Amino acid sequence: MSAASSVKRRLVRILALAFVCAACLFPLSSQSARNFPEGSSEGTAGMSRRMTGIGFPNISLSATAPRSGNEVAFSVQILLLLTVLTLAPSIFILTTCFLRFSIVLDFIKRALSLQQVPPTAVLNGIALFMTLFCMWPTFTQVYDDSFKPLSDNEITLAEAYERAEAPLRIFMYSQMQDDTSYIKTFMSMARLERPGTLSDVPTYILIPAYILHELTVAFKIGILLYIPFIVIDMVVSSILMSMGMMMLPPVQISMPFKLMLFVLVDGWGLLTQQLFISVIK
């Protein structure tokens, strides 16, 4: 074992001596060390002076204490405006005829025993554009009397609100001329005197009264639409019962007949025409 270990030590010494001699005989130049591997060219990582950076604007947020009552009032107005913009979809749905159109279209879908066709998004889109068609004169008046003078700095924000409110109040009241019971109900609950004209009805009374009126009208139209289709369901059910086909769902048989009846009488055309007539008097 001692002889083998001495041989290993001698081999290690011989190899170390060989490496030292090779390093002394063949030294590496600095240029070859920099251009490793051999044949490569020297390069730099610096950018050209002709290159320019991208300029980003400085963004800073600051909060300062109000110095006058006008600044406080303006901040409150901005807060109220942002609140109104957040509630804009709900205001649009509840203060226009969109509520009536969407409910009636959903009723006709259920009366036809349709589950997926047409989709709810399509019905809401139809109700939206029908609402724009009916409300376009009112929206035009709001734009001409309120938004445009406000953008031209001709009126203040409070005056713009009053001018934008007036056409919508007139539209809502015109839909309830035949039935003002809801206005009387809310006026009595608020313990206000009986109104003589539209100007005597506050907006916070007019809007909920209009919403309940639209719900009532939409449900009345939906009931009238349901009646002929219910008759078809009853006829089909009685025929299946007399034939002993009690296990066959009547909806599967009655739905094609209801669709044929709806298409033959031009149901979509009659429905939209009557809805327009009910709004545009």
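**Exercise 1. Place Ala 164 in its surroundings, starting from its contacts.**

Leaving aside neighbours within four places in sequence, Ala 164 is in contact with Val 142 and Ser 146. Keep in mind as you work that this is a predicted model.

Step 1. Find the element: Ala 164 sits in helix α7.

Step 2. Check a distance across the chain. Thr 138 is 26 residues away from Ala 164 along the chain, and the C-alpha atoms of the two are separated by 9.5 Å.

Step 3. Turn to the largest pocket, which holds about 1,300 Å³ of space. It is lined by 29 residues, and Ala 164 is among the closest to its centre, together with Val 84, Ile 91, Tyr 161 and Leu 168.

**Exercise 2. Describe the lining of the largest pocket by element and by chemistry.**

Step 1. List the elements that give two or more residues to the lining: α3 (69-86), α4 (88-94), α6 (120-151), α7 (157-175) and α9 (203-242).

Step 2. Which element gives the largest share of the lining? That is α7, with eight residues.

Step 3. Sort the lining residues by type. They divide into 21 nonpolar, six polar and two charged.

**Exercise 3. Classify two aromatic pairs by their geometry.**

Step 1. Begin with the total: the structure holds ten aromatic pairs.

Step 2. Take Phe 92 and Phe 98. Their ring centres are 6.2 Å apart and their planes meet at 45 degrees, so this pair is tilted. The angle is neither under 30 degrees, as stacked would need, nor over 60, as edge-to-face would need.

Step 3. Are these two residues buried, exposed or partly exposed? Phe 92 has 23% relative accessibility and counts as partly exposed, whereas Phe 98, at 11%, counts as buried.

Step 4. Now take Phe 101 and Phe 276. Their ring centres are 6.3 Å apart with planes at 80 degrees, so the pair is edge-to-face. The pair links distant parts of the chain, since Phe 101 belongs to helix α5 (residues 98-111) and Phe 276 to helix α11 (residues 267-279), 175 residues apart.

Step 5. Add the accessibilities of this second pair. Phe 101 is buried, with a relative accessible area of 0%, and Phe 276 is partly exposed, at 22%.

Step 6. Return to Phe 92 and Phe 98 to see which residue joins them in a cluster. Ring pairs link them with Phe 139.

**Exercise 4. Map the largest nonpolar core and follow one of its residues.**

Step 1. Recall the background: in soluble globular proteins, nonpolar side chains tend to be buried together.

Step 2. Give the size of the core and its best-connected members. The largest nonpolar core has 37 residues, and those with the most contacts inside it are Cys 97, Phe 101, Ile 108, Phe 171, Ile 183, Leu 206 and Leu 271.

Step 3. Trace the core to its elements. Two or more residues come from each of α5, α6, α7, α8 (181-189), α9 and α11. The largest share, nine residues, comes from α5.

Step 4. Follow Leu 206. Not counting residues up to four places away in sequence, Leu 206 touches Arg 169, Met 172, Met 176, Ile 183, Leu 198 and Val 201. Ile 183 also appears in the list of Step 2.

**Exercise 5. Compare two residues with positive phi, then examine a buried serine.**

Step 1. Note the backbone angles. Ser 113 has a positive phi of about 60 degrees although it is not a glycine. Phi of Arg 191, another residue other than glycine, is near 60 degrees.

Step 2. Locate both. Ser 113 lies in the loop between α5 and α6, and Arg 191 lies in the loop between α8 and α9.

Step 3. Buried or exposed? Ser 113 counts as buried at 16% relative accessibility, while Arg 191 counts as exposed at 80%.

Step 4. Move on to Ser 254 in helix α10 (residues 250-264). Ser 254 is buried, with a relative accessible area of 1%. Residues up to four places away aside, Ser 254 touches Ile 232, Asp 233 and Val 236.

**Exercise 6. Summarise the whole chain.**

Step 1. Count the secondary structure: eleven helices and zero strands.

Step 2. State how much is buried. Of the 281 residues, 24% count as buried.

Step 3. Look at contact range. Among contacts between residues at least 6 apart in sequence, 67% join residues at least 24 apart.

Conventions. Residues numbered from 1 in each chain as written. Predicted model: local features only at pLDDT ≥ 70, side-chain atom pairs only at ≥ 80, totals over all residues. Heavy atoms only, no water. Phe/Tyr/Trp six-rings, centres within 6.5 Å; stacked < 30°, edge-to-face > 60°. Buried < 20%, exposed > 50% of the residue type's maximum accessible area, 1.4 Å probe, protein only. Helix = DSSP H or I, 4+ residues; strand = E, 2+ residues; numbered from the N terminus. 1 Å grid on protein atoms, 1.4 Å probe; cavity = no way out; pocket = protein on both sides within 12 Å on 5 of 7 lines; lining within 4 Å. Points joined across faces, edges and corners; volume = space filled by probe spheres on them. Nonpolar A, V, L, I, M, F, W, Y, C, P; charged D, E, K, R; others polar. Core = buried A, V, L, I, M, F, W, Y, C linked by side-chain atoms within 4.5 Å. Contact = heavy atoms within 4.5 Å.
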